[in-house]
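Got your viewer open and a selection box ready? Let's take a short walk through this one, one pick at a time.

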Amino acid sequence: MLEKLQIWTNRYLPAEICGLVFGGISMKIASLIHPSALLVGFIFTFGENIGYYGFIFFRELYRKKSVTTCLSNITFEFGIPEILDSLIIRPFLIAILPIFFALIIANLIFYILTISFYEHRKYA
């Protein structure tokens, strides 16, 4: 199990870091242009997604060398978890819990789902 945890950490942690960097830069630029906290929040999320999925995409592209394969793998691995996370789980948890706990729980649920799809794809 420790080996699996290391594989998952190596797979997702660099993408998380890249997403945070892109999100932070996007947020800073947005806050300079417009002071709306809501707009800045959306821009952060957009930037974070670009950084996160951009990292995943280019790493897959480097390994697979086929855009179609990369897009198919990413869609299978992240599609359902991302839709559930963005449209249902994360907003609901943010509405009922303090933000820190909401984000931790939302990330745990997201990664449980994502890792299950990743493992299924590996062995399918």
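Start by selecting K4: at 24% relative accessibility, K4 counts as partly exposed. Keep in mind as you click around that this is a predicted model.

Now add E119, the salt-bridge partner of K4, with the closest N and O atoms 2.8 Å apart. K4 sits in helix α1 and E119 in helix α4 (residues 99-123), so this pair ties together parts that are 115 residues apart in sequence. At 13% relative accessibility, E119 counts as buried, because the cut-off for buried is under 20%.

Next stop: R11 and E77. Their side chains meet in a salt bridge, 2.6 Å from N to O. R11 belongs to helix α1 and E77 to helix α3 (residues 67-96), so here the linked parts are 66 residues apart in sequence. Both R11 and E77 are buried. Extend the selection to E60 and R121, and you have a network of salt bridges that links them with R11 and E77.

Then pick D85 and R90. Their closest N and O atoms are 3.0 Å apart, in another salt bridge, and both residues are buried. The count for the model comes to 6 salt bridges.

Last, leave the charges and look for grease. Which helix gives the largest share of the nonpolar patch? That would be α1, with 8 residues. The patch covers about 1000 Å² of surface, and its members include L13, F22, I33 and I50. Helices α1 (2-33) and α2 (37-64) are the elements giving two or more residues to it. Finish on I50, in helix α2: I50 is partly exposed, at 42% relative accessible area.

Terms used. Residues numbered from 1 in each chain as written. Predicted model: local features only at pLDDT ≥ 70, side-chain atom pairs only at ≥ 80, totals over all residues. Heavy atoms only, no water. Patch = residues over 30% accessible without salt bridge, like charges linked within 9 Å, V, L, I, M, F, W, Y side chains within 5 Å. Areas by Shrake-Rupley, 256 points an atom, 1.4 Å probe, with all protein chains shown as cover. Salt bridge = Lys/Arg side-chain N within 4 Å of Asp/Glu carboxyl O. Helix = DSSP H or I, 4+ residues; strand = E, 2+ residues; numbered from the N terminus. Buried < 20%, exposed > 50% of the residue type's maximum accessible area, 1.4 Å probe, protein only.
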